[in-house]
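Q: Could you take me through one part of this model at close range? I would like to see how the pieces around it fit together.

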Amino acid sequence: MGRITSYVALGDSFTEGLEDPAEHGFRGWADRLAEHIDAAQPGLRYANLAVRGRLIDEIVSEQVPKAVELGAGLVSLCAGGNDILRPGSGPAAVARRLEEGVRTLTEAGARVMLFTGFDLRHVPVMRLAHSKIEIYNLHIHDIARRHDVVLVDLWPMTVFRDARAWNADRLHLSPDGHRRVALRAAEVLGVPVEQDWREPYPPRRPPVWTAARKEDLRWAKDHLGPWITRRLQGRSSGDGVRPKRPDLAPLATASP
């Protein structure tokens with residue numbers, strides 16, 4: 001695509017940038033992508049409306065209208081992951097809601113960028129949602145074709161099967177994982193970058209079986225248990241959280 005003068009990022013914790021620490025909260029792949037765009041095409045105005053824990057209905061009803069109001073030229077929309085991971089959710093219904101958001105944005109004149117989900121079959125517990133993620137991804141591919149939007153396909157990126165691309169909670173990316181997503185998105189957009197997301201991680205010995213099982217138990221206690229508790233109590237990790245960059249502004253502008 002041509003020159004990008006404004007970019008608005010929509011979504012949940014993935015786009016908010018959780019587990020990629022910055023001076024004022026979190027950085028994340030979307031901030032990193034904005035930095036790549038601004039380096040190649042100075043003068044970018046950027047907003048990030050993503051909030052952790054948000055479901056597809058909240059993103060489409062709250063964030064999409066705001067992006068239209070801001071008049072963004074490029075809008076990244078990654079949504080539905082939290083819905084897909086919940087028991088009883090249907091990929092087709094989530095995809096229909098996603099397409100409503102895409103249609104609203106494209107009709108407003110925005111260039112939309114979608115993302116497929118990661119292949120998480122290697123992650124304990126998360127592998128249970130493998131087939132649902134795969135089906136949802138097929139819908140996303142169809143939506144991208146129907147609306148002629150940019151698609152960042154994360155599913156075949158084997159580098160994300162390495163634990164070093166992920167935070168200890170096994171749900172959010174590590175800082176390096178965010179770095180690689182930003183590089184891939186820049187590549188799809190045609191934005192020049194100096195690094196390559198394909199660069200393999202240095203070899204290392206596989207973990208001892210007993211140590212790996214201890215780590216699984218620690219993960220279940222520290223991360224899976226609290227996640228299940230929030231679901232049962234009807235709470236979200238994003239309760240009371242506001243977007244970190246609610247308005248289009250030059251990239252150097254500090255987040256509130």
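A: Happily! In this predicted model, Thr-15 is in contact with Ala-9, Leu-10, Trp-29, Ala-30, Asn-48, Ala-50 and Cys-78, leaving aside its neighbours within four places in sequence. Thr-15 sits in helix H1, residues 13-16, and counts as buried because its relative accessibility is 0%.

H1 also leads us to helix H7, since H1 is among the elements that cover the buried residues of H7. The others named there include helix H2 (28-40) and the strands E5 (74-78), E6 (111-115) and E7 (150-152). H7 runs over residues 175-189, and its end C-alpha atoms lie 21 Å apart, which agrees with the 21 Å that its 15 residues should span at 1.5 Å a residue. Eleven of those 15 residues are buried, so H7 is mostly covered; among them are Gly-177, His-178, Val-181, Leu-183 and Leu-189. Just after H7, Gly-190 takes a positive phi of about 85 degrees.

Now for the packing of H2 against H7. Their axes are 8 Å apart and meet at an angle of about 45 degrees, and the two helices are therefore oblique to each other. The crossing is right-handed. On the H2 side, Gly-28, Trp-29, Arg-32, Leu-33, His-36 and Ile-37 take part; their partners in H7 include Pro-175, Arg-179, Ala-182, Ala-185 and Ala-186. By class, this contact has ten nonpolar, three polar and two charged residues. Trp-29 links the two parts of this tour: Trp-29 is in contact with Thr-15 and also belongs to the H2 residues that meet H7.

Terms used: Residues are numbered from 1 along each chain as its sequence is written. This is a predicted model: local features need pLDDT of at least 70, side-chain atom pairs count only at pLDDT 80 or more; totals for chains, interfaces and linings use all residues. Side-chain values use heavy atoms; hydrogens and water are left out. Helices (H or I, at least four residues) and strands (E, at least two) are DSSP runs, numbered from the N terminus. Buried means under 20% relative accessible area, exposed over 50%, partly exposed in between (1.4 Å probe, protein chains only). Contact means heavy atoms within 4.5 Å. The expected span of a helix is 1.5 Å times one less than its number of residues. Axes are lines fitted to C-alpha atoms, for helices over the stretch in contact, and angles run from 0 to 180 degrees between N-to-C directions. Angles under 35 degrees count as roughly parallel, over 145 as roughly antiparallel, 65 to 115 as roughly perpendicular and the rest as oblique. A crossing is left-handed if the near helix is turned anticlockwise from the far one by less than a right angle, and right-handed if clockwise. Ala, Val, Leu, Ile, Met, Phe, Trp, Tyr, Cys and Pro count as nonpolar, Asp, Glu, Lys and Arg as charged, and the others, Gly among them, as polar.
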